[in-house]
Amino acid sequence: MIHDKFLPRLRRRSAFTLIELLVTIGIIAVLIALLLPAVQQAREAARRLECRNNLKQVALALHNYHDVNTVFPPGGFPTGSYRVGWAVRLLPYIEQQPRYDQILALKRNALMTLAPWRYDGSTGYGTDSVWTDPIPVYACPSSPLGNKSPDITHYPTLNPWVVQQAALHYRANAGSRLSEFIPGPTDRGYTTSGVIYPESRVAIGDITDGSSNTLLLGETSDSTGWPEFQRTSWCGINPWTWGYFYNQQGYLMIDHKYVEHPIGFSGVFVVNATPFRSAHAGRGASMALSDGSVRYMSSSTSLDVLQSLATRNGGEVVSVE
């Protein structure tokens with residue numbers, strides 16, 4: 001039998017006091033607050049790496065196209081209306097051969113005649129899954145616009161018959177606004193100083209500034225801050241199904257752009273000069289050079305440097321870190 005004098009020593013507390021509970025909760029909250037930014041930064045770093053890998057695959061696919069055809073794909077032909085561009089021609093080189101075959105089967109001479117309109121019930125084939133199913137390597141995972149035609153993400157409330165086609169967040173380099181510019185009415189002027197531009201037939205040997213000093217592709221995956229009329233027009237970030245538009249007035253360059261503005265620019269610009277930008281930290285952008293390498297370039301990159309990198313034979317001395 002236990003003597004009564006020992007009973008107080010055998011008692012044990014079975015719960016926290018209210019103060020202890022509140023202190024514990026406070027400590028956990030502080031730890032979460034400290035860890036959450038680190039977790040978010042790690043996730044964004046992973047997404048940015050995936051974006052760079054996407055761009056790397058597209059750049060290598062362009063090189064494979066060049067190996068087969070001896071030139072990079074053109075930015076357009078003097079063929080009327082809206083036509084498919086380099087993104088479609090690249091499908092066999094990014095493990096999309098079945099989709100490419102489907103497109104060729106849609107219409108005779110499909111690469112020159114297809115205009116894949118996105119209106120439900122139209123005769124332009126644009127509502128077919130071949131156009132609407134996303135292509136992973138064409139979309140940046142950090143983009144707030146998603147992997148469907150980001151230029152019309154707001155359209156269902158305005159035009160419910162519009163069908164969203166798949167995204168393209170990487171634009172080919174058509175050159176610099178300051179070099180070899182062909183003027184045109186309104187926003188139809190274009191440059192021939194880049195790598196992929198209207199009626200281009202550029203080979204590696206034509207890049208005399210050096211393939212490691214000349215842009216091939218750049219990321220455009222965010223339209224935050226752009227005026228509404230620009231986000232909803234050909235200035236916007238259009239799907240991979242559209243390459244260019246041509247009529248007697250000239251060209252609209254849709255899947256390729258010339259450099260007139262710095263990376264991350266959010267002011268007013270014409271169709272052919274949609275700036276490179278992204279939702280990555282600092283609004284910089286992943287950029288592929290003509291040798292197939294990929295760099296992340298910040299929004300603080302000098303416009304002079306960017307325009308020099310955009311020309312293939314301008315003779316500028318530019319170093320890319």
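**Entry 1: the E6/E7 hairpin**

I started with strand E6 (residues 244-247) and strand E7 (residues 250-253), which pair in the antiparallel sense over four bridges. For me, two strands pair if DSSP finds at least two bridges between them. Helices (H or I, at least four residues) and strands (E, at least two) are DSSP runs, numbered from the N terminus.

Note on the source: this is a predicted model, in which local features need pLDDT of at least 70 and side-chain atom pairs count only at pLDDT 80 or more, while totals for chains, interfaces and linings use all residues. Residues are numbered from 1 along each chain as its sequence is written, and side-chain values use heavy atoms, with hydrogens and water left out.

Back to the hairpin: two residues join E6 to E7. I checked two bridge pairs: Tyr244 stands opposite Met253 in E7, and Asn247 stands opposite Gly250 in E7.

I then asked which sheet these strands belong to, and in what order. They sit in an open sheet of three strands, ordered E1-E6-E7, with antiparallel pairing. Strand E1 (81-83) and E7 are the edge strands, each pairing on one side only. Neighbouring strands of this sheet are turned by 20 degrees against each other on average, direction ignored. For angles, axes are lines fitted to C-alpha atoms, for helices over the stretch in contact, and values run from 0 to 180 degrees between N-to-C directions.

**Entry 2: the five-stranded sheet**

Next I followed the open sheet with the order E8-E2-E5-E9-E10, five strands with mixed pairing. Its edges are strand E8 (256-259) and strand E10 (294-297), and each pairs on one side only. On average, neighbouring strands here are turned by 35 degrees against each other, direction ignored.

I walked across some of the pairings:
- Strand E2 (residues 170-176) and strand E5 (residues 215-219) run antiparallel and are joined by three bridges; Arg171 has Gly218 in E5 as its bridge partner.
- E5 and E9 also run antiparallel, with three bridges; Leu217 is partnered by Ala288 in E9.
- E9 and E10 are antiparallel over four bridges, and Ser286 stands opposite Tyr296 in E10.

The E9/E10 hairpin has four residues between the strands, and Gly292 there takes a positive phi near 95 degrees.

How many residues of E9 are buried? Five of its five are, taking buried as under 20% relative accessible area, exposed as over 50% and partly exposed as in between (1.4 Å probe, protein chains only). In a regular strand the side chains alternate between the two faces of the sheet. In E9 both faces are covered: Ala285, Met287 and Leu289 are buried on one side, Ser286 and Ala288 on the other.

I also looked at helix H8 (residues 303-310), which lies across E2, E5, E8, strand E9 (285-289) and E10. H8 runs at about 95 degrees to E2.

**Entry 3: Phe181**

Phe181 is in strand E3 (residues 181-182). Is Phe181 buried or partly exposed? I file Phe181 as partly exposed because its relative accessibility is 26%. Leaving out residues up to four places away in sequence, Phe181 touches Gly189, Tyr190, Thr191 and Tyr258, where contact means heavy atoms within 4.5 Å. Phe181 and Thr192 are eleven residues apart in sequence and 6.5 Å apart in space, C-alpha to C-alpha.

**Entry 4: the patch on H2**

I found a nonpolar surface patch of about 400 Å², made by Leu18, Leu21, Leu22 and Ile25. Patches are made of residues with over 30% relative accessible area and no salt bridge, with like charges joined within 9 Å and nonpolar side chains (Val, Leu, Ile, Met, Phe, Trp, Tyr) within 5 Å. A salt bridge is a side-chain nitrogen of Lys or Arg within 4 Å of a carboxyl oxygen of Asp or Glu. Accessible areas come from the Shrake-Rupley method with a 1.4 Å probe; for residues, only the protein chains shown count as cover.

Ile25 is placed in helix H2 (residues 18-69). Its relative accessibility is 48%, so Ile25 counts as partly exposed.

**Entry 5: whole chain**

I tallied eight helices and ten strands. Of the 321 residues in the chain, 48% are buried. The chain exposes about 15200 Å², with carbon and sulfur atoms supplying 57% of it. Among contacts between residues at least 6 apart in sequence, 68% join residues at least 24 apart.
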